[in-house]
Amino acid sequence: MSLPFFVLAGVWAVGGFQRSGEETSPGPVLLFLFLYLVFFVLNGLYHLTFGTVQGKLIRPTRRGNLLRLSTFGGSIPAVLMAWWLLSRWLRLPDGGFGYTFAFTGACFFISGLFVFVLFEPADGIEKALLPKRDSLRTLVAAIREDANLRRLVTVAALFGTTLIIFPHYQALAREELGLSCVHLMVWVITQNASVGLLSLLVGPLADCKGNRLTLQLLLFGSAIAPAYAIALPSVRGGEHVFWLVYVLLATIPMALRVLVNYTLEICEPEEHARYLSTVWLGLAIPFFASPLVGWLADVAGFQAVFLSTVCLVVLGGLLSLGLTEPRHAASPDDAEAAEAADLSAE
């Protein structure tokens, strides 16, 4: 994931993305979109592999603790770096995006180095590489045979609509409220701090009450941000409280993490990768409608796009009420064995 950002930084450094008057040549635009695509393909693979490794190393009732520690711990340097660096870079004539891209790429690269120090015990599973046709067949079979997985994929697809409107929050702030990229630093700090603080509640709740209930609360909570955002243009002084949108948006990354944790619980360990990839495929479905969403925002306005998102996310939340709770199926012997294994590992 570091490579696209390093390329962006290099192209920006030589003026490849600078406008000539009011015209922008299609080459840099296509390059940017291609790198955007590459990054999110790699990002999807990252989430898949992270979830699989997490499923192997961390037992279900401790994954919320991992979420709390990693998210809250990660939000602190993110906030400090945004306040220290973005406050300077965004005031540069070119917006300082070259520095931002380079710094982001360096952070991804360094985090990748830490993966080498993870200890991954052997799982005893034989080589499981399948031909492409067989992999697709097993994926379809899992959806066909597991009603709970079908419902979860549908919930993920509906929730995915919140992800494709994410860039439109900045567009709404710019076009409807007259805000500029200078405010980006405040928004970044606000969201990172909010995600960190929210993780202090979400992690323990997931371990204590289960990932299903936690996911349901986060799904309904994620419908608040778009509803709040479209109300601001009609409120006097709405531009002064737009930053609160990014407090509410903290539910989205938390919901993604809990969605992964719930998926890991509803299948056997050898099915973790297949189930995760199936759910992430559901999340990706709304992205095919991204051009339509941009066109709708231009034609019908942000209100139509954001209200539609609210309705779809609430529908996903209602469907999630029918998901099963995997912890109800765990026997006392299973719980005791997991506890013994955890104590042994400690």
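Which helices each supply at least two residues of the nonpolar patch? Helix H1 (2-13) and helix H4 (97-114) do, in what is a predicted model.

**Figure 1. The nonpolar patch on the surface of the predicted model.** Leu3, Phe6, Phe109, Ile110, Leu113, Phe114, Phe116 and Val117 make up this patch, and together they put about 920 Å² of accessible area on show. H4 is the top contributor, giving four residues. Leucine 113 sits in helix H4 and has a relative accessibility of 44%, so it falls in the partly exposed class.

**Figure 2. The whole chain, for orientation.** What you get here is 17 helices and zero strands. The chain has 346 residues, and 40% of them count as buried. Take the contacts with a separation of 6 or more: 83% of them come from residues 24 or more positions apart. The accessible surface adds up to about 19,200 Å², with carbon and sulfur atoms holding 69% of that.

**Figure 3. A cluster of aromatic rings.** Ring pairs string together Phe5, Trp12, Phe32, Tyr36, Phe39, Phe40, Phe97, Phe101 and Phe108. The chain has 19 aromatic pairs in total. Phenylalanine 39 and phenylalanine 40 make an edge-to-face pair, because their ring planes stand at 85 degrees, with centres 5.1 Å apart. These two neighbours get different amounts of cover: phenylalanine 39 is buried at 12% relative accessible area, while phenylalanine 40 is partly exposed at 40%. Tyrosine 36 belongs to helix H2 (residues 26-57) and is partly exposed too, at 43%. Its C-alpha atom is 9.1 Å from that of phenylalanine 5, although 31 residues separate the two along the chain.

**Figure 4. Helix H8 and what its buried side packs against.** H8 covers residues 166-176, and its buried residues are His168, Tyr169, Ala171, Leu172 and Ala173. They have plenty of partners: helix H7 (161-164), helix H9 (184-209), helix H11 (224-231), helix H12 (244-248), helix H15 (290-300) and helix H16 (302-320). After H8 comes glycine 178, with a positive phi near 75 degrees.

**Figure 5. Two salt bridges that reach the loop between H16 and H17.** The search of the whole structure turns up four salt bridges. In one of them, arginine 212 pairs with glutamate 325, and the closest N and O atoms are 4.0 Å apart. Arginine 212 is in helix H10 (residues 211-221) and glutamate 325 is in the loop between H16 and helix H17 (332-345), so this bridge ties together parts that are 113 residues apart in sequence. The arginine is partly exposed at 22%, whereas glutamate 325 is buried at 10%. Then there's glutamate 265 with arginine 327, at 3.2 Å from N to O. Here glutamate 265 comes from helix H13 (residues 251-265) and arginine 327 from the H16–H17 loop, 62 residues away. Both of these residues are buried.

**Figure 6. A salt bridge between glutamate 271 and arginine 274.** The side chains of these two meet with an N to O distance of 2.9 Å. Glutamate 271 is partly exposed, with a relative accessible area of 25%, and arginine 274 is partly exposed at 23%.

**Figure 7. Two cysteines in a structure with zero disulfides.** How accessible are cysteine 107 and cysteine 208? Cysteine 107 has a relative accessible area of 37% and is partly exposed. Cysteine 208 counts as exposed, at 59%.

Terms used: Residues numbered from 1 in each chain as written. Predicted model: local features only at pLDDT ≥ 70, side-chain atom pairs only at ≥ 80, totals over all residues. Heavy atoms only, no water. Buried < 20%, exposed > 50% of the residue type's maximum accessible area, 1.4 Å probe, protein only. Contact = heavy atoms within 4.5 Å. Areas by Shrake-Rupley, 256 points an atom, 1.4 Å probe, with all protein chains shown as cover. Phe/Tyr/Trp six-rings, centres within 6.5 Å; stacked < 30°, edge-to-face > 60°. Disulfide = S-S within 2.5 Å. Patch = residues over 30% accessible without salt bridge, like charges linked within 9 Å, V, L, I, M, F, W, Y side chains within 5 Å.
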